[in-house]
Amino acid sequence: MLFIPRILKDIALIFTASGKQSFLVGGAVRDMLRGEQAHDFDLATDATPEEVSAMFRAKGRAIIPTGIKHGTVTAHFKGEAFEITTFRTEADYHDGRHPEKVAYAATIEEDLSRRDFTMNAIAVELPKGRVVDPFNGRVDIQNRIIRCVGSPLERFGEDGLRSLRCVRFASQFGFSVDKETLAAIPRTLSITAKVAAERKRDELDKIAGSEKPSTGFLLMEQTGLLHELLPELAVCRNVEQKGGHRFDVLDHSLLACDFAAKKGSPHEVRLAALFHDIGKPVVCAMNEFGVRTFYRHEREGAALAKNILSRFRYSKSVIDAVVHLIEEHMFQYGEDWSDAAVRRFIIRVGEAHLTNLYMLRHADAFATAGEPPRPDFLIPLMDRVDRVLKEKEALSLKDLAISGKDLIALGVKPGPRLGVILNELLEAVLDDPELNAKEKLLEIAGKMEGGAQRSLTPSASPQKM
Ligand code: ATP
Ligand code: MG
């Protein structure tokens, strides 16, 4: 018997009142048995979607036909959303071959037999709490093992998403994968290849979002999934590095991603950590001293990451953020940086990305030596950046003491030349913030125009437009 939250007992009454069965199934049961909080409630029932809709509407509850062709409706009940699915004989196969059809099953046991892993094939009858566990999922959860329901080769052959789900769950829960289940993954890669990019992306995101992403990515490598999905990362294996590096490029990348995950870094930083060095195998060369070099790998890596993320249909904002972080990750701060250099660094990185870039660099440094970097290694730069930001000096065109309108008022023709002058003025101000005064800037602008336009003199009184 399992502790059944009040809300589940209450919703079950709607089913029993109509003489129908309801079971809690899927991730919620698994997570409760793992001693974790269940995050979404999926119910299975012998009532058809039409019957479920009628039952809830009769109680004044809204029902949304979210996946009606798969037999699923969503009910909102006491502030929670419940996905209610009629017993089914088949899962939705993600292999590009099966038509999207649904066949209803007569019993919960039959419904459970179509599910992917034993830990996901346990049902709890509501409201009583009787556990239905025909594939001994509870034992596997206790032993922390992921095992297919039935023949792994058949299950992975039916649906190429399942093998990815398998390594994803291993990464999320730190479970191991049953031998036979693991052995079936390399043999069904061609089925996984057919799965829609968005579905693969969701699994990759869950691996990257797990506590120790390397668990999932190493399992992917071991089973050939990494080569199938992320060949650019797979070829980082055995690319050795010199200097302070202890690891090859793949292990270094995974360690960086783990570090970012451990520090609770945002998703973009985890992805950037994973991909920050994928340019290295491409640009790897030998210098005259027989030492490997990776010049410009950040630029190559940014281009590769853009390809990868686009391939998996990531949003433009995620792609831009990750690519930018990778492109900028090689900054080399030294005390000899002038204030102007610090200001240019802030502009290049963008204020909004600074914290993420520091996190990436921290992860990179950790993954180089395999031990925590000197805690203060970024602090001198961070301090100087903070100081510059506090001084509120001009860092962009909008901070300049004059605008395009001032220049137009003084006779510069609207057009590209205007932008060139403003950017030159910003450059001057970055070097010397004292120049950011209207008269001084007008004087410089006048000189830039070679005195050709007499009106561009400091004495000319600018008209406001
Ligand atoms: P999560 O915690 O990520 O939500 P979950 O196990 O609940 O994990 P869902 O995608 O919500 O995953 O699916 C709910 C249930 O449906 C699963 O527990 C499993 O029983 C079944 N299921 C989902 N996807 C598949 C699949 N591809 N093949 C077979 N059964 C599946
Ligand atoms: Mg779920």
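Let us start at the ligand: helices α2 (27-33) and α7 (161-173) each supply at least two residues of the shell around ligand 1. Of these contributors, α7 gives the most to that shell, with 4 residues. Keep in mind as you look around that this is a predicted model.

Staying with ligand 1, you can find 16 residues around it, and those that come nearest are Arg30, Asn120, Asp159, Arg162 and Arg168. Some polar atoms of the protein can be paired with oxygen atoms of the ligand. For asparagine 120, a backbone N or O atom lies 2.9 Å from an oxygen atom of ligand 1. Arginine 115 takes part through its side chain, where an N or O atom is 3.0 Å from a ligand oxygen. Arginine 165 also uses its side chain, with a polar atom 3.1 Å from an oxygen atom of ligand 1. How much of the ligand does the protein bury? Taken alone, ligand 1 exposes 590 Å², and the protein buries 81% of that.

Now step back to the whole chain. The protein is divided into four stretches: domain 1 (6-135), domain 2 (144-229), domain 3 (238-392) and domain 4 (397-453). Taken over C-alpha atoms, the centres of domain 1 and domain 4 are separated by 67 Å.

Next comes a sheet to trace with your eye. This open sheet has 7 strands in the order β3-β4-β5-β2-β1-β6-β7, and the pairing is mixed. Why do β3 (63-67) and β7 (131-132) each have one side without a neighbour in the sheet? Both strands stand at the edges and have a single partner strand each, so one side of each is left free of a sheet neighbour. Helix α1 (residues 6-16) packs on the sheet, where it touches β1 (22-25), β2 (41-45), β4, β5 and β6 (123-126). The direction of α1 makes about 25 degrees with that of β2.

In general, strands of a sheet pair through backbone hydrogen bonds, either parallel or antiparallel. Both kinds can be followed here, beginning at the β3 edge. Strands β3 and β4 run antiparallel and are joined by 3 bridges, with glycine 67 standing opposite threonine 72 in β4. The hairpin of these two strands has 4 residues between them, and in it glycine 71 takes a positive phi near 80 degrees.

Moving on, β4 (residues 72-77) and β5 (residues 80-86) also run antiparallel, joined by 6 bridges. One pair to look for is alanine 75 with its bridge partner in β5, phenylalanine 82. The hairpin of β4 and β5 has 2 residues between the strands, and here lysine 78 has a positive phi near 45 degrees. On to the parallel kind: β2 and β5 run parallel, with 5 bridges joining them. Threonine 45 stands opposite threonine 86 in β5.

Finally, two backbone details are worth a stop. The loop between β6 and β7 holds proline 127, and the peptide bond that leads to this proline from leucine 126 is cis, with omega near 0 degrees. Further along, arginine 144 lies in the loop between α5 (137-142) and β8 (145-146). Its phi is near 55 degrees, a positive value in a residue other than glycine.

Notes: Residues numbered from 1 in each chain as written. Chains lettered and ligands numbered in written order. Predicted model: local features only at pLDDT ≥ 70, side-chain atom pairs only at ≥ 80, totals over all residues. Heavy atoms only, no water. Domains from an automatic or database assignment. Pairing = 2+ DSSP bridges. Contact = heavy atoms within 4.5 Å. Axes fitted to C-alpha atoms, helices over the stretch in contact; angles between N-to-C directions. Near = heavy atom within 4 Å. Polar contact = N/O pair within 3.5 Å; in protein donor to acceptor, adjacent residues only side chain to side chain. Areas by Shrake-Rupley, 256 points an atom, 1.4 Å probe, with all protein chains shown as cover.
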